[in-house]
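Me: I am new to this structure and would like a close look at a single part of it. Please take one pocket and the helix beside it, and then set them in the rest of the chain.

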Amino acid sequence: MSAAGMTARGARIDWAKACVIGFSVPADAGEVFDVVELALDGRVVATAVANRSVFELAQALTGLPLPSREACAFELRVPSGSLLPSQLSQDSVKLTVRSTRGEIVFEHALQGPQELLQLADGAPLDLLYEVQFRGVRDGALHGVVLDKLGAGRQPTLYWRLNDGPPERLWLESAGDGRAHFFLWDLPVKALSEGRNSLHLTGRDGQPLAVYPIQLGAQAESELQRRVVALEAQVGFLNHLMMSQPSEALPARLALLKSEIVGICSEMLTLQRANFEREALAAVEMGLAARAAPASPAPALGRLGLRLGR
């Protein structure tokens, strides 16, 4: 408490914005601003100057008593590149916000990798959520966003058609909050002739899933659609792995192992389906050739055909 009896510091986690938000008033009246540090298990991963107006963050600070100074608020995020592989396998990680003098502003025990990744700035969305499209019915695209780590919090996602501007994707959670359903009315007038792409992204534009929409031409088969979706997913994972800092690779490899195994299994299933389809086509062609009556071969020159390998 300050000399005036007002709270000098306080903070809370804003899960909707994936950050720690709070305020800290310098103990020395001669100092203009305080400096705060965010630490995970005692290791500092981010710092910030507490110089923002508390009125700018008033909604996020709801429930905390007002400080004795206006320009003393701060916002802190956990950099995803600062996470250690061991922290992603722990049951609990201690999050601490303190001033540079060592005064504790806030403490919280993050439960498991789900809360840690939920709070990390730039955490890969594919590690947190999985999108399952249920197809188009009555002019609307149906689907569900599954919470892979069981955090139980509704994600903030956006949809974007082709290269258009992003718009908020409204979700409806069910049960324990691990499944979030959506229904999106297709803007038929905005669709282009041929192939269109519906992109689902995070707040910062980070891609999560892509759904192809065909207009004008014959719709793709389910097998072709699955191949397109797999190609997009493999390309996304490849970009994700190549763009990560080298120190983050062990953690990413451990968490992406199940995803890669699932993709390989799906590819083998598609390959088997293709082999079965080709084998069936070969058998049908053979039966048709045996059943057809013999006839003289047409002149290739008149048909305009050329032989080649």
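Reply: What follows starts with the second largest pocket, goes on to helix α1, and ends with the sheet and the cores.

The model is predicted. Its chain has 309 residues, of which 38% count as buried, and it holds 5 helices and 18 strands.

The second largest pocket has a volume of about 380 Å³. Its lining is made up of 23 residues. Nearest the centre of this pocket lie Ala 18, Gln 118, Ala 120, Leu 125 and Arg 203. By type, the lining residues are 11 nonpolar, 6 polar and 6 charged. At least two lining residues come from each of α1, β10 (120-121) and α2 (125-128).

Helix α1 covers residues 112-119. The helix is mostly covered, with 7 of its 8 residues buried. The buried residues are Gly 112, Pro 113, Glu 115, Leu 116, Leu 117, Gln 118 and Leu 119. Gln 118 therefore appears twice in this account: it is buried in α1, where buried means under 20% relative accessible area, and it is among the residues nearest the centre of the second largest pocket.

Away from the pocket, an open sheet of 4 strands runs in the order β1-β2-β6-β5, with antiparallel pairing. The edges are taken by β1 (9-14) and β5 (52-53); each has a single partner strand, so one side of each is left without a neighbour in the sheet. For β5, the pairing with β6 (residues 71-76) is antiparallel and consists of 2 bridges. Arg 52 has Ala 73 in β6 as its bridge partner.

The nonpolar residues can be described next. In soluble globular proteins, nonpolar side chains tend to be buried together. The largest nonpolar core here has 49 residues. Those with the most contacts inside this core are Val 20, Leu 38, Leu 40, Leu 76, Leu 95, Val 97 and Leu 110. With neighbours within four places in sequence left aside, Leu 38 is in contact with Val 20, Arg 43, Val 44, Val 45, Ala 46, Leu 76, Val 78, Thr 96 and Val 97. A second, separate core has 10 residues, including Val 25, Leu 57, Ala 60 and Cys 72.

Last, the contacts of the whole chain. Among those with a separation of 6 or more, 58% are between residues 24 or more positions apart.

Methods. Residues numbered from 1 in each chain as written. Predicted model: local features only at pLDDT ≥ 70, side-chain atom pairs only at ≥ 80, totals over all residues. Heavy atoms only, no water. Buried < 20%, exposed > 50% of the residue type's maximum accessible area, 1.4 Å probe, protein only. 1 Å grid on protein atoms, 1.4 Å probe; cavity = no way out; pocket = protein on both sides within 12 Å on 5 of 7 lines; lining within 4 Å. Points joined across faces, edges and corners; volume = space filled by probe spheres on them. Nonpolar A, V, L, I, M, F, W, Y, C, P; charged D, E, K, R; others polar. Pairing = 2+ DSSP bridges. Core = buried A, V, L, I, M, F, W, Y, C linked by side-chain atoms within 4.5 Å. Contact = heavy atoms within 4.5 Å.
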